[in-house]
Amino acid sequence: MSLWIPVSACYRFTNNFSDSCLLFFSLVDMLMITNFSMYPKTGMIGVSHTIRTHFKSTQFPAYTTSFDNVIPPAYTDINNVIGRRFVHKTSSGVLFERGSNAVANGQLQNLPSSSSYEAAMEKLSSLITRQRRGEKPPLPDKLKRMSMYLKILGLEEDLNRLKIIHVAGTKGKGSTCIFCEAILKECGFRTGVFTSPHLIDVRERFRIDGIDISEDKFLECFWDCWNQLEEKATEQLPMPPLFQFLTILSFKIFTSEQVDAAIIEVGLGGTEDSTNVIKEPIVCGITSLGMDHTEILGDTLGQITSHKAGIFKPKVPAFTVPQPPEAMDVILERAKELMVPLEVTEPLDCKQMKGLKLRLSGDHQFYNAALAVSLSRCWLQRTGNWEKVCQNDFQDSNLPDEFIKGLSSAHFSGRAQIVCDSSLYSDCSEITSENCGELIFYLDGAHSPESMDACAKWFSNAVKGYKNPSHMSTSEEPSENGYFLRESKDLGQFENSSRQILLFNCLDVRNPNILLPRLVNGCASSGIHFSRALFVPSLSKYTKVTSGASFIPSDLSGIDLSWQFNLQRIWEKIVHGKEMTTLLEKDFKIESKLMLPPKEFLYDNASKGCLSHNYSPSSAVIPSLPLTIKWLRDCAREHPATRLQVLVTGSLHLVGDVLKLLKR
C-alpha cells in the first residue's frame with residue numbers, strides 16, 4: 001500500500017526545512033516505515049506501508065538547499081544507494097536519491113536512471129569475468145580471497161555458526177537441496193537455500209523458507225556487501241567475480257535472516273569452488289556423478305570426482321548415491337583419508353511415501369530424495385533436534401510424516417516442469433472451448449548426457465501420462481511457479497492428433513553430437529518421436545544479469561545464428577542419416593519475411609519436401625525466442641484439434657527465458 005506524505009506537513013510545524021526532515025524521519029521511526037521515495041521539487045515523499053494515514057497537504061515551494069544542509073546530523077551516515085527507495089535503519093542511516101543523483105557515504109553520486117533493483121543488476125553484470133564461458137578462470141588462491149572478503153564483511157564467525165548442509169555432484173544437486181529444504185521446513189526449522197543458476201530472477205538463488213528472498217531484503221544485503229567490498233577493493237584484492245559475490249551474499253542473507261539450516265549447493269566442482277570456504281558443515285552430500293565441465297574439472301570421471309569429493313571435511317559425515325566404480329573408488333579413498341563417516345543411500349522406495357508422490361518428477365528424483373532424507377536426518381541428529389521430530393527408530397521402513405510432507409511438496413522451477421500456456425484461453429468464453437487449441441510446455445534444463453537420458457525418460461512418461469491428466473492441476477490451482485495448469489479438454493479431441501515438438505539450444509561448450517542423439521534415442525525407445533525440432537538462441541546472455549522485469553529486446557540485427565544452424569545440421573543427420581546442407585543457412589536473412597516457417601510446417605505431411613534457407617521437413621532455425629513462442633501460439637489457435645507438446649531442454653538459460661515469456 002502506498003502513501004504520499006507532503007514534506008510541507010512537517011514543514012508547517014517547524015518553519016525550517018532541515019527540522020521538517022528531522023520530524024519526518026521521526027515519523028518514519030514511529031511508523032516503522034521502511035520504503036519511501038523523495039521528490040524535493042514537488043515536496044512529496046512516497047511511502048510503502050501497510051497502514052494508510054492521511055495528511056493535510058499544503059503547497060511547498062521548491063528549494064535549492066544542499067543535501068548536506070537538509071539531512072540532519074543524526075541521518076548523515078549514509079552508507080548505501082538504493083535508487084529511489086529509502087531504507088531507514090537507525091543503526092546505519094538513511095539511503096536516498098534525488099533525480100538521477102544518489103548519495104553514498106555522504107557524497108552525491110550518479111546512478112542509472114533505472115530502478116534500484118535494475119541498478120543492482122548492472123553492478124552484478126560488471127562482475128562477470130571476460131574469459132570465454134567454460135574456460136578456466138585465472139583466479140589463484142580463490143578460497144584465500146574468499147576468506148578475505150568474508151573478513152572485510154565481518155562474516156567469518158557468522159559463517160562458522162551457520163548449520164550447513166553442503167551438496168556437490170554432477171546432476172541433482174539443486175533438487176537434493178530443495179528436498180532438504182522442504183523436509184526441514186516441515187520439521188519446523190527456518191531454512192535458507194543457495195542454488196544456481198537462476199531462471200528468471202537472481203533472487204531465485206536465495207530462498208528463505210521455500211520462497212525467493214524479497215526484493216527489499218535482497219537489496220539491503222546486496223548494497224551492504226557491495227559498498228563495503230568496493231570501498232576496500234585494491235589491485236591485489238579486486239571486487240569478487242560474479243559467483244563469488246553471490247556466494248558471499250548468500251552467507252550475508254542467511255545470517256541476517258537467522259536461518260536454522262543453510263543448504264548450500266556447490267557451483268562447479270567442489271575443491272576450488274567458492275562455496276568450499278565453508279570449514280565446518282554439519283553434513284556433506286554428493287549426488288550422481290558424470291562427465292561435465294571437462295574443460296575445467298578433467299576429462300576422466302576419476303578427476304571430476306576428485307573435485308566433487310573436495311568438499312569433504314575431516315570427520316564430518318557424508319552421504320552419496322550409488323556411483324560408477326571409477327567415481328566410487330575416489331570417494332571412498334577421500335573419505336578414508338579424512339576419516340569421514342560415509343554412507344551410500346539407495347533410491348527411495350515408493351512404499352515409504354504412504355500413498356503420496358514426489359512433487360519433483362522423474363525416476364532419478366528417487367535417488368535425490370533418498371539422499372536428502374539421509375542428509376536431513378543427519379542434520380537433525382547432529383544439531384540435537386532428532387528426538388523432537390521422530391520418536392521411532394529411523395532404521396525401520398517408515399519415514400516421519402514431516403519427511404513425507406516435505407518430499408511431496410518440494411518444488412523447483414525448470415526441472416521436469418509442465419506448464420499449459422493459458423494465453424490461448426484469453427479469447428475463449430470457456431476454458432473447454434474447442435476453438436482454443438492446446439499448447440503445453442515441458443521444461444527441463446538438462447544439459448549433460450546423463451541428465452538428457454533422464455529428461456527423455458521423464459518427457460516420454462509425461463506425454464503418455466497426459467492421456468490421463470489427473471496429475472495435472474486444474475485452472476483453479478496454480479502450479480509451483482504461479483503459472484496455471486489447465487485441465488485437459490475432451491481426450492477424444494486429441495486422441496490421434498498430439499504433436500511432440502523439440503525446442504532446443506545449448507551452450508557451445510556442450511557437445512550436441514552427444515546430447516541430441518541421447519535425447520532422440522531415449523524418447524524413441526519409449527515410443528515417442530518428435531515431429532519437428534526448433535533451434536533458437538537464448539535471450540539470456542552470460543554478459544549480463546537481468547531480472548524478471550528486464551526489457552526484452554526485439555531488435556534482431558547482428559544476431560549470429562551459426563550455432564543454431566550447426567544444431568540443425570546435427571539434427572537432420574540424426575533424422576535422415578545424412579547431411580542436409582542444401583539451402584540451409586545459405587543467404588538466410590533475418591529481414592526476410594520467410595524467416596518464420598509457414599504454420600503448416602508443424603503438421604503431418606504439410607511440409608513434405610519443403611526446404612528453405614532456415615527450415616527443412618523436420619526442423620527450423622528461428623532467430624528469436626519471443627517470435628517462436630508467438631508463432632507456436634498462432635499455430636495452436638489455427639489448428640485447435642491438435643495438441644502441441646513442446647519439450648524445452650538443453651539449457652537452463654533457455655528454460656528460464658521461456659518461463660519469463662510465458663509469465664508475461
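In this predicted model, a convenient place to enter the structure is glutamine 417, whose bridge partner in β16 is leucine 443. A further pairing joins these two strands at isoleucine 418, which stands opposite tyrosine 442 in β16. Taken as a whole, β15 and β16 (residues 438-443) pair in the antiparallel sense, and they do so over four bridges.

On the question of its surroundings, six of the six residues of β16 are buried, so this strand is largely enclosed by the rest of the structure. Both of its faces are covered, with Glu438, Ile440 and Tyr442 buried on one side and Leu439, Phe441 and Leu443 buried on the other. Tyrosine 442 also stands opposite leucine 647 in β20, and β16 and β20 pair in the parallel sense over six bridges.

These strands belong to an open sheet of six strands with mixed pairing, in the order β15-β16-β20-β17-β18-β19. Because β15 (417-420) and β19 (619-621) stand at the edges, each with a single partner strand, one side of each is left without a neighbour in the sheet. From one strand to the next, the twist averages 20°.

Two helices pack on this sheet. Helix α17 (residues 512-524) touches β17 (498-504), β18 (532-535) and β20 (643-649), and its direction makes about 165° with that of β17. Helix α18 (residues 562-576) touches β17, β18 and β19, and the direction of α18 makes about 175° with that of β19.

How values were computed:
Residues are numbered from 1 along each chain as its sequence is written. This is a predicted model: local features need pLDDT of at least 70, side-chain atom pairs count only at pLDDT 80 or more; totals for chains, interfaces and linings use all residues. Side-chain values use heavy atoms; hydrogens and water are left out. Two strands pair if DSSP finds at least two bridges between them. Axes are lines fitted to C-alpha atoms, for helices over the stretch in contact, and angles run from 0 to 180 degrees between N-to-C directions. Contact means heavy atoms within 4.5 Å. Buried means under 20% relative accessible area, exposed over 50%, partly exposed in between (1.4 Å probe, protein chains only).
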